[in-house]
Amino acid sequence: QAKRFGGDRVEPFRPAFRDGSANVVQMEADLHRAIERGQISLVYQPIIRADTGDVAGFEALMRWNHPRRGDVPPSEFITIAERSDLIGDLGAHALEMAAMQLMEWETALPDAPVFVSVNVSSHQLVRRDFTNQVAGILARHPQRTHTLRIEITETSLMQNPEQNVRVLERVKALGVDLALDDFGTGYSSLSYLSRFPFDVLKIDRSFMQPVSTGRDALLKSIVDMAHALSLTVVAEGVEDEDDRALLAEMGADYLQGFITGQPLDPEAAAALVARQVPA
Ligand code: C2E
Ligand code: CA
Ligand code: CA
Ligand code: CA
């Protein structure tokens, strides 16, 4: 078994220690102070147009720069945050940082409209004040040409579908784009999911693994069905040129994955967009 305390070592998260373990208790206590201590940031992974390769926007991914552990990935701290209700503050902070960033880019790069897509957990969605929170953030950081987008997984939606439809409709009415994240990992059909007011469907990166022979046909039918439902398609986890070409040919609208670049800090992301602006 792993030691509970790794000293200065970067230690992987141990699900077995989740309940009441000193490790998680310590992590949670540290996480409580992380926002005010400026340890939480967003990195931005480019999302490109499948036809031209131009950067259309970014997915904002949260990072926690822990003084001893270094960069802690969200897979390690989001679960802790969700179980301790910290996700409310953390999620609001992510939305606020993303909206601030968009406003900055809108000023610096007015001719290169981009979107920033922020992950929202089901625990945030069910809070009574979520819509007001988003409205407040947009009022503080208004966007005219750039767009704030939120991503929600299917599993999140199914916790409370009726209420979530209403929340999402209100949030959408504020001018926020809605993306269904990790499509294909749950069990719902696309026609069921069309009851939710999504603009974008993100195909889960598990489809990029070279597994079953039926994969290409399945991918093609997801793209076609999404388009029939007026959804824009983003393919996630695109790592190699073969997949890029295949998805472009199938008509996927946007691509995201290591082939479009690793997540970048805000300066590098802005520089990428600036390079594209026609002189
Ligand atoms: P996700 O929403 O599916 O985000 C995509 C994850 O896939 C990111 O991991 C990204 O770095 C990784 N990735 C991107 N391209 C590729 C690729 O080509 N191949 C592979 N194998 N992986 C790729 P990351 O940053 O570690 O985030 C993991 C998950 O944590 C996210 O999955 C999301 O569910 C959650 N997360 C991240 N930021 C936030 C946040 O601000 N709030 C919430 N609630 N969840 C977040
Ligand atoms: Ca996501
Ligand atoms: Ca995803
Ligand atoms: Ca591949």
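**Note on the calcium pair and the ligand 1 pocket**

1. The calcium ion (ligand 2) takes its protein donors from Glu59 (OE), Asn119 (OD1), Glu151 (OE) and Asp181 (OD), at 2.2 to 2.4 Å. Bear in mind that this is a predicted model. The spacing of these donor residues along the sequence is E-x59-N-x31-E-x29-D.

2. Two of these donors sit on strands. Glu151 belongs to strand β5 (residues 147–153) and Asp181 to strand β6 (residues 177–183). They are 30 residues apart, and the pair links distant parts of the chain. Glu151 counts as buried because its relative accessibility is 2%, under the 20% limit. Asp181, at 5%, also counts as buried.

3. Which residue bridges the two calcium ions, ligand 3 and ligand 2? Asp181 does, and the ions lie 3.7 Å apart.

4. The calcium ion (ligand 3) is coordinated by Asp181 (OD), Asp182 (OD) and Glu236, with Glu236 (OE) listed twice. These distances run from 2.2 to 2.5 Å. The donor spacing here reads D-D-x53-E. Asp182 lies in strand β6, whereas Glu236 lies in the loop between β8 (232–235) and α10 (241–250). The pair therefore ties together parts that are 54 residues apart in sequence.

5. Is Asp182 buried or partly exposed? Asp182 is partly exposed, with a relative accessible area of 23%. Glu236 has a relative accessible area of 9% and is buried.

6. Now ligand 1. The space it takes is the largest pocket. Ligand 1 is surrounded by 19 residues, and the closest are Gln45, Arg63, Arg205, Glu239 and Phe258. Strand β2 (55–66), helix α2 (74–83) and strand β6 are the elements that give two or more residues to this shell. The largest share, four residues, comes from β2.

7. Three polar approaches to ligand 1 deserve a look. A side-chain N or O atom of Glu239 is 2.6 Å from a nitrogen atom of ligand 1. Arg205 places a polar side-chain atom 2.7 Å from an oxygen atom of ligand 1. For Glu59, a polar side-chain atom lies 3.1 Å from an oxygen atom of ligand 1. On its own, ligand 1 has 810 Å² of accessible area, and the protein covers 81% of that.

8. Points to check together: Glu59 is a donor to the calcium ion (ligand 2) and also has a polar side-chain atom 3.1 Å from an oxygen atom of ligand 1. Strand β6 holds Asp181 and Asp182, and β6 also gives two or more residues to the shell around ligand 1.

Terms used: Residues numbered from 1 in each chain as written. Chains lettered and ligands numbered in written order. Predicted model: local features only at pLDDT ≥ 70, side-chain atom pairs only at ≥ 80, totals over all residues. Heavy atoms only, no water. Donors = N, O, S within 2.8 Å, 3.2 Å for Na, K, Ca; no water. Buried < 20%, exposed > 50% of the residue type's maximum accessible area, 1.4 Å probe, protein only. Near = heavy atom within 4 Å. Polar contact = N/O pair within 3.5 Å; in protein donor to acceptor, adjacent residues only side chain to side chain. Areas by Shrake-Rupley, 256 points an atom, 1.4 Å probe, with all protein chains shown as cover. 1 Å grid on protein atoms, 1.4 Å probe; cavity = no way out; pocket = protein on both sides within 12 Å on 5 of 7 lines; lining within 4 Å. Sits in = over half its atoms within 2 Å of the grid points.
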